[in-house]
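Reader: I would like a close look at a single part of this model. Please start from one strand and work outward to whatever surrounds the ligand.

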Amino acid sequence: MTTEEHTARAMVEAVGIGRDFTVAEGRFPRRVKRVVPAVRSIDLTVRPGEIVACLGPNGAGKSSTMKMLTGILSPTRGSLRVAGLEPSRRRTTLARRIGVVFGQRTGLWWDLPLRDSLELTRHLYRVPAAEHAHRYAELTELLELGPFLSTPVRQLSLGQRMRGDLTAALLHNPRLLVLDEPTIGLDVVSKATIRSFLARLNREEGTTILLTTHDLGDVERLCERVVVIDRGSVAFDGGLDGLRARDPGSDIETVVAGLYRDGAARP
Ligand SMILES: Nc1ncnc2c1ncn2[C@@H]1O[C@H](COP(=O)(O)OP(=O)(O)OP(=O)(O)O)[C@@H](O)[C@H]1O
């Protein structure tokens with residue numbers, strides 16, 4: 001399938017996806033196994049060019065959902081296609097079509113200078129050298145990584161590392177970027193750099209972005225569409241305006257907190 005053909009379709013098409021985990025409880029010898037639904041049932045369609053933020057309280061199932069979308073976890077139920085592929089069956093091919101960053105972990109090589117880590121990424125994604133040189137120069141400039149290219153990843157600050165991870169995720173020019181908490185732990189300046197970079201990427205290259213966050217600043221500055229996940233199901237899916245309209249007298253934080261509290265407010 002050509003790039004044009006799969007960008008014409010939805011980037012993400014999830015229908016009723018869910019994931020159960022089997023956990024052992026109690027003390028030996030009375031340990032019993034219990035099936036826990038981390039994600040009950042999620043319907044989500046993301047169209048090319050959208051920026052969608054996924055919010056939800058701790059343990060709601062956001063990361064598990066992102067792991068299903070990127071092929072790290074296979075769904076227990078439901079049907080899922082991402083960039084035209086079934087993620088858990090076509091993980092390697094999917095990796096060449098999407099970029100992924102999990103904010104709590106790095107995809108870079110801890111002991112290598114950032115430059116070498118990015119060079120290794122090029123080999124992993126089989127990006128031709130000339131294409132890589134151009135993209136590498138562009139991304140490292142936009143993300144202000146020049147002074148840190150010789151620094152081992154372990155010595156980078158969280159903000160520098162996050163910018164390095166974003167560069168690694170974008171070197172192969174994916175049409176979809178999946179970010180799990182990309183601004184976690186960052187200071188206001190680093191957050192602003194990353195937000196304006198993502199907005200530009202979406203505006204100028206049309207990259208589709210799906211991100212999870214607890215930071216409503218990410219939502220207000222970047223996204224027109226918000227999906228709230230609560231206890232493994234979608235509690236709200238709509239525009240920022242629709243979210244505000246739920247309680248016009250309150251700020252967005254209060255509206256979102258209300259959704260988490262009663263989990264109720266299903267559309
Ligand atoms: N490997 C696992 N084994 C058992 N339970 C798990 C596993 N991974 C996640 N869970 C459980 O699934 C539920 C959803 O977790 P998940 O990490 O997807 O939530 P989240 O919305 O990303 O939370 P947070 O905002 O705190 O990162 C939680 O109750 C969690 O304990």
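Author: Strand S8, residues 225-230, is mostly covered, with 5 of its 6 residues buried. This is a predicted model, and what follows should be read as a description of that prediction.

S8 has a strand on either side of it in the pairing list. Strand S3 (residues 51-55) runs parallel to S8, and 4 bridges join the two. Within that pairing, Val-52 has Arg-225 of S8 as its bridge partner. Strand S9 (residues 233-239) pairs with S8 in the antiparallel sense, over 6 bridges. There, Val-227 is matched with Asp-237 of S9. S8 and S9 form a hairpin with 2 residues between the strands, and Arg-231 in that hairpin takes a positive phi near 45°.

The surroundings of S8 also appear in the packing. The largest nonpolar core has 66 residues, and those that touch the most other members are Ala-53, Val-178, Val-226 and Val-228. Ala-53 can be followed further. Leaving aside neighbours within four places in sequence, Ala-53 is in contact with Val-226, and also with Leu-211, Thr-213, Asp-218, Val-219, Leu-222 and Cys-223.

From here the account turns to the ligand. The residues around the ligand are Phe-21, Val-23, Val-36, Ala-38, Gly-56, Asn-58, Gly-59, Ala-60, Gly-61, Lys-62, Ser-63 and Ser-64. Strands S1 and S2 and helix H2 (62-69) are the elements that each give two or more residues to this shell. H2 gives the most, with 3 residues. Sorted by class, the shell has 5 nonpolar, 6 polar and 1 charged residues.

H2 is itself mostly covered, since 8 of its 8 residues are buried. These are Lys-62, Ser-63, Ser-64, Thr-65, Met-66, Lys-67, Met-68 and Leu-69. Just after H2, Gly-71 takes a positive phi of about 85°.

The other two contributors to the shell are paired with each other. S1 (residues 12-25) and S2 (residues 32-46) run antiparallel and share 11 bridges. One of the pairs places Ala-14 against Leu-44 in S2. The two strands form a hairpin with 6 residues between them, and in the turn Gly-26 has a positive phi of about 85°. Pro-29 is also in the loop between S1 and S2. The peptide bond from Phe-28 to Pro-29 is cis, with omega near 0°.

S1 has a further partner in strand S4 (residues 77-82), to which 5 bridges join it in an antiparallel arrangement. In this pairing Glu-13 stands opposite Arg-81 of S4. Val-15 lies in S1 as well. Not counting residues up to four places away in sequence, Val-15 touches Asp-43, Gly-78 and Ser-79. Val-15 and Ser-79 are 64 residues apart in sequence, yet their C-alpha atoms are 5.3 Å apart in space. Val-15 counts as partly exposed because 14 other C-beta atoms lie within 10 Å, where 20 or more would make a residue buried and 12 or fewer would make it exposed.

Beyond S4 the backbone has a further feature. Ala-83 is found in the loop between S4 and helix H3 (91-97). Its phi is near 50°, a positive value in a residue other than glycine. Ala-83 counts as buried because it has 25 C-beta neighbours inside 10 Å.

Asn-173 shows a positive phi too, near 60°, again in a residue other than glycine. Asn-173 lies in the loop between helix H6 (158-170) and strand S6 (176-180). With 16 other C-beta atoms within 10 Å, Asn-173 is partly exposed.

As for the wider setting, the unreviewed UniProt entry lists residues 12-256 as "domain: ABC transporter". Over residues 12-256 the chain is 36% helix and 28% strand, and the end C-alpha atoms are 24 Å apart.

How values were computed:
Residues numbered from 1 in each chain as written. Predicted model: local features only at pLDDT ≥ 70, side-chain atom pairs only at ≥ 80, totals over all residues. Pairing = 2+ DSSP bridges. UniProt positions renumbered as here; feature names shortened; annotations may be inferred. Near = placed C-beta within 6 Å. Nonpolar A, V, L, I, M, F, W, Y, C, P; charged D, E, K, R; others polar. Core = buried A, V, L, I, M, F, W, Y, C linked by C-beta atoms within 7 Å. Contact = placed C-beta atoms within 7 Å.
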